[in-house]
Amino acid sequence: MRSAVVVGTGLIGTSIALALRGRGLVPHLIDADPAAARLAEDLGAGVVGAPRAPVDLAVIAVPPRHVAAVLRQQQLQGLAHDFTDVASVKERTQQEAAALGCDLTRFVGGHPMAGREQSGPLAARAELFRDRPWVLTPGGDAHGRAVGRATRLAELCGARPVVMDPRRHDRAVALVSHAPHVVASALAARLLRGDASELGLSGQGVRDATRIAAGDPELWTDILSANAAAVVDVLTDFAGELNTVAQALRDLADGPPEARPAARGHLNTVLVRGVQGRGRLPGTSTGGVRLSGAAAGA
């Protein structure tokens with residue numbers, strides 16, 4: 001891949017452009033907000049404006065609800081030979097692109113699994129994707145050249161290309177990204193009920209648990225709306241876990257003495273399963289935590 005254009009100069013688009021600049025490729029930058037594109041250019045991400053001739057690859061870095069329309073528009077204008085996107089929802093994007101008549105032989109869905117709670121070009125980092133998975137979801141019609149260029153893009157950005165089915169991708173990100181964002185936001189919203197003296201006691205734990213809640217609400221409303229079915233499945237299961245904890249705590253607070261051992265067991269089981277679940281993430285471990293006592297039999 002010798003030439004590229006990035007359409008959308010927010011956090012992800014500008015980070016991609018900066019990464020490509022670091023590999024000797026100068027991308028063209030296009031944004032509906034000219035000021036954002038100029039700022040990305042000032043940061044050294046590329047040059048503002050459409051190329052005079054079609055480039056090898058166009059990266060559509062816009063919110064999920066706009067991807068298909070932008071793809072259609074830029075294909076009609078002959079912006080590039082091949083196209084990819086970076087939206088965090090893939091199945092609906094693929095369906096919308098097909099419905100609009102996009103040329104899917106020249107399109108490969110993509111999603112770099114990296115980001116920050118900040119947004120906009122000023123938050124961009126060339127190293128944002130280093131050693132991170134970059135999911136590619138080529139449809140059955142995508143030709144090898146498009147797949148190769150989308151793969152090369154991920155590699156140039158320092159990421160690890162991973163090929164997945166669009167539906168499987170959406171269920172995976174519901175579990176590891178989208179539902180966690182809702183949980184963090186709901187937890188952070190509880191802090192609105194605290195007064196200054198209470199919030200003054202906060203430590204790193206609550207900051208870690210709510211960090212991603214600082215993300216752009218409008219963008220996340222778009223993401224969650226596009227992947228609603230998969231996210232609601234995860235949140236329904238999670239709500240069941242919370243109800244178990246709440247009932248156990250009620251029994252410990254107000255229940256009869258004979259109910260307390262079982263309540264402690266239920267509570268301990270949820271906590272231990274949390275340790276074990278976190279231990280399944282790459283680079284972490286359970287630290288040898290085991291179920292014991294009432295929890296083991298719950």
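This report walks through some parallel strands, a pocket and two residues of the structure above. The model is a predicted one, so keep that in mind as you read.

**The strands**

Let's start with β4, which spans residues 55-60. This strand is mostly covered, with six of its six residues buried. On one side of the pairing list there is β1, made of residues 4-7, which runs parallel to β4 and is joined to it by four bridges. If you want a spot to click on, take alanine 4: its bridge partner in β4 is leucine 57.

β4 also pairs with β5, residues 80-85, again in the parallel sense, and here there are five bridges. Two residue pairs help you find this pairing on screen. Valine 59 has threonine 84 as its bridge partner in β5, while isoleucine 60 is matched with aspartate 85. Between these two strands the chain passes through helix α3 (residues 64-76), and β4, α3 and β5 together make a right-handed β-α-β unit.

How well covered is β5? Mostly: five of its six residues are buried. β5 has a parallel link to β6 (residues 107-112) too, through two bridges. Threonine 84 turns up again here, standing opposite valine 108 in β6. The chain gets from β5 to β6 by way of α4, and this β-α-β crossover is right-handed as well.

Here are the strand pairings side by side:

| Strands | Sense | Bridges |
|---|---|---|
| β1 and β4 | parallel | four |
| β4 and β5 | parallel | five |
| β5 and β6 | parallel | two |

**The second largest pocket**

Next, the second largest pocket, which holds about 190 Å³ of space. Its lining is made up of 13 residues, and those nearest the centre are Glu91, Ala226, Asn227, Ala229 and Ala230. Which helix gives the most to this lining? That is α10, with four residues. At least two residues each come from α4 (91-99), α6 (166-190) and α10 (228-254). In character, the lining is a mix: six charged residues, five nonpolar and two polar.

**Two residues to look at**

Alanine 213 sits in the loop between α8 (204-210) and α9 (217-226). Is this alanine buried, exposed or something in between? Its relative accessible area is 22%, so alanine 213 counts as partly exposed; the cut-off for buried is under 20%. Setting aside neighbours within four places in sequence, alanine 213 is in contact with His181, Ala184, Ser185 and Ala188. For a sense of distance, glutamate 241 is 28 residues away from alanine 213 in sequence, and their C-alpha atoms are 21 Å apart.

Aspartate 208 belongs to helix α8. Its relative accessible area is 52%, so aspartate 208 is exposed, given that the cut-off for exposed is over 50%. Arginine 130 lies 78 residues from aspartate 208 along the chain, and 22 Å separates the two C-alpha atoms.

Technical notes. Residues numbered from 1 in each chain as written. Predicted model: local features only at pLDDT ≥ 70, side-chain atom pairs only at ≥ 80, totals over all residues. Heavy atoms only, no water. Buried < 20%, exposed > 50% of the residue type's maximum accessible area, 1.4 Å probe, protein only. Contact = heavy atoms within 4.5 Å. 1 Å grid on protein atoms, 1.4 Å probe; cavity = no way out; pocket = protein on both sides within 12 Å on 5 of 7 lines; lining within 4 Å. Points joined across faces, edges and corners; volume = space filled by probe spheres on them. Nonpolar A, V, L, I, M, F, W, Y, C, P; charged D, E, K, R; others polar. Pairing = 2+ DSSP bridges. Right-handed = clockwise from strand over helix to strand, strands pointing away.
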